[in-house]
Amino acid sequence: MMVHRTQRIGADVLLLLTSFFWGLTFVIVKEAISRVGVFLFLSQRFLLAFAILLVLSFAARRTFSMRALRQGIVLGALLFGAFALQTMALRYTTASNTAFLTGLNVVFVPIVGSLLFRQHVTWSMKVGVIIAAMGMYFLCTNGDGHFGRGEVLAFFCALSVAGHVVMTGEYAMSSDVYWLTTVQIGTVAFLSTAVAGIQREAVFSWYPEILPALIICVIFATIFAFLVQTSMQRYTSPTHTAIIFCMEPVFGALCAHIMLGEAFGSRGYAGAALIVAGMILSEISSIAGVPSPEDRVEEEPKGVVMKG
């Protein structure tokens, strides 16, 4: 599949919108998990999203395959690992340190991609990754932080996120994006429900106080966001996707500032500026007309109908 510049720009815009929705949910989820357990909320969120995606996939008559099942389970396990590790990290360290270390997946994505699939990363992307990582440091830690048990957990969370981004880029080329998204969301729902059950939380009870949060998270931060990520990663590289996702904490901080009155700080603004600079720099190769690693021709897999 040859990727044109207009397709890449369209993918960037949709991935940036996805980052905005994820950033918005920082405030929303924080309020929701103050009322119910973390895994209870995750269970209800992903169960509802899975049910809706299942209906959409059948209604659209998407072609199911065992490949999509296998790949979706792998993506779901990585995604659940990211959620679980991040939640545990928050018990032992600050939210800012957790956010920064989780955001370091932007550094791990090109490393994982190179080791597993020998993915090429342009010089502008390498510099963009470094600048974006610096921006994450200033934005999330205000320039100071420490390393302990929580930081170790957040480090492995970043590896899970990086693995999810890299594998999504590979799998989206060979499976129907609707079923791939549906299976991975179903896997997260199953694992979240299992953990909530072990913790003896009443998953199938009605909690009206978290209904608004569920609606926003299910529709925008789960169904829309993961359909976009799975489909749009066919048109851009995992490294560039990770750099765009660095905008998630920027949007989160802005939403917290606007909705909760939380201070952003001069270093926070500097960090946000560096992240944006990293995103722009990573685009230099495509703007200058230099062939990017995404501009490749791949055979559409047999037995898979690509409609999206």
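**Close-up views of an all-helix predicted model**

**Figure 1. A nonpolar patch lies on the surface of this predicted model.** Trp-206, Leu-211, Ile-215, Ile-219 and Phe-220 make up the patch, and together they have about 500 Å² of accessible area. One of these residues, Ile-219, belongs to helix H9, which covers residues 211-232. Ile-219 has a relative accessibility of 41% and therefore counts as partly exposed, since that class lies between the buried limit of 20% and the exposed limit of 50%.

**Figure 2. The elements of the protein are helices.** The protein has 13 helices and zero strands. Read from the N terminus, the order of elements is α-α-α-α-α-α-α-α-α-α-α-α-α. The protein has 308 residues, of which 54% count as buried.

**Figure 3. Helix H10 is largely enclosed by the rest of the structure.** H10 spans residues 238-245, and eight of its eight residues are buried, so the surrounding structure largely encloses this helix. The buried residues are Pro-238, Thr-239, His-240, Thr-241, Ala-242, Ile-243, Ile-244 and Phe-245.

**Figure 4. Helix H1 packs with helix H10.** H1 runs through residues 5-32, and its axis is 9 Å from that of H10, at an angle of about 40°. That angle makes H1 oblique to H10. The crossing of the two helices, H1 and H10, is right-handed.

**Figure 5. Glu-31 and Arg-35 form a salt bridge.** The structure holds two salt bridges, and one of them joins the side chains of Glu-31 and Arg-35, with an N to O distance of 2.9 Å. Side chains of opposite charge can pair when their charged atoms come close. Glu-31 has a relative accessible area of 42% and is partly exposed. Arg-35, at 47% relative accessibility, is partly exposed too.

**Figure 6. Asp-176 and Arg-62 form a salt bridge.** The side chains of Asp-176 and Arg-62 meet at 2.9 Å, N to O. Asp-176 sits in the loop between helix H7 (149-171) and helix H8 (177-198), while Arg-62 sits in the loop between helix H2 (38-59) and helix H3 (66-92), so the pair ties together parts that are 114 residues apart in sequence. Both Asp-176 and Arg-62 are buried, whereas Glu-31 of the other salt bridge is partly exposed.

How values were computed: Residues are numbered from 1 along each chain as its sequence is written. This is a predicted model: local features need pLDDT of at least 70, side-chain atom pairs count only at pLDDT 80 or more; totals for chains, interfaces and linings use all residues. Side-chain values use heavy atoms; hydrogens and water are left out. Buried means under 20% relative accessible area, exposed over 50%, partly exposed in between (1.4 Å probe, protein chains only). Helices (H or I, at least four residues) and strands (E, at least two) are DSSP runs, numbered from the N terminus. A salt bridge is a side-chain nitrogen of Lys or Arg within 4 Å of a carboxyl oxygen of Asp or Glu. Patches are made of residues with over 30% relative accessible area and no salt bridge: like charges are joined within 9 Å, nonpolar side chains (Val, Leu, Ile, Met, Phe, Trp, Tyr) within 5 Å. Accessible areas come from the Shrake-Rupley method with a 1.4 Å probe; for residues, only the protein chains shown count as cover. Axes are lines fitted to C-alpha atoms, for helices over the stretch in contact, and angles run from 0 to 180 degrees between N-to-C directions. Angles under 35 degrees count as roughly parallel, over 145 as roughly antiparallel, 65 to 115 as roughly perpendicular and the rest as oblique. A crossing is left-handed if the near helix is turned anticlockwise from the far one by less than a right angle, and right-handed if clockwise.
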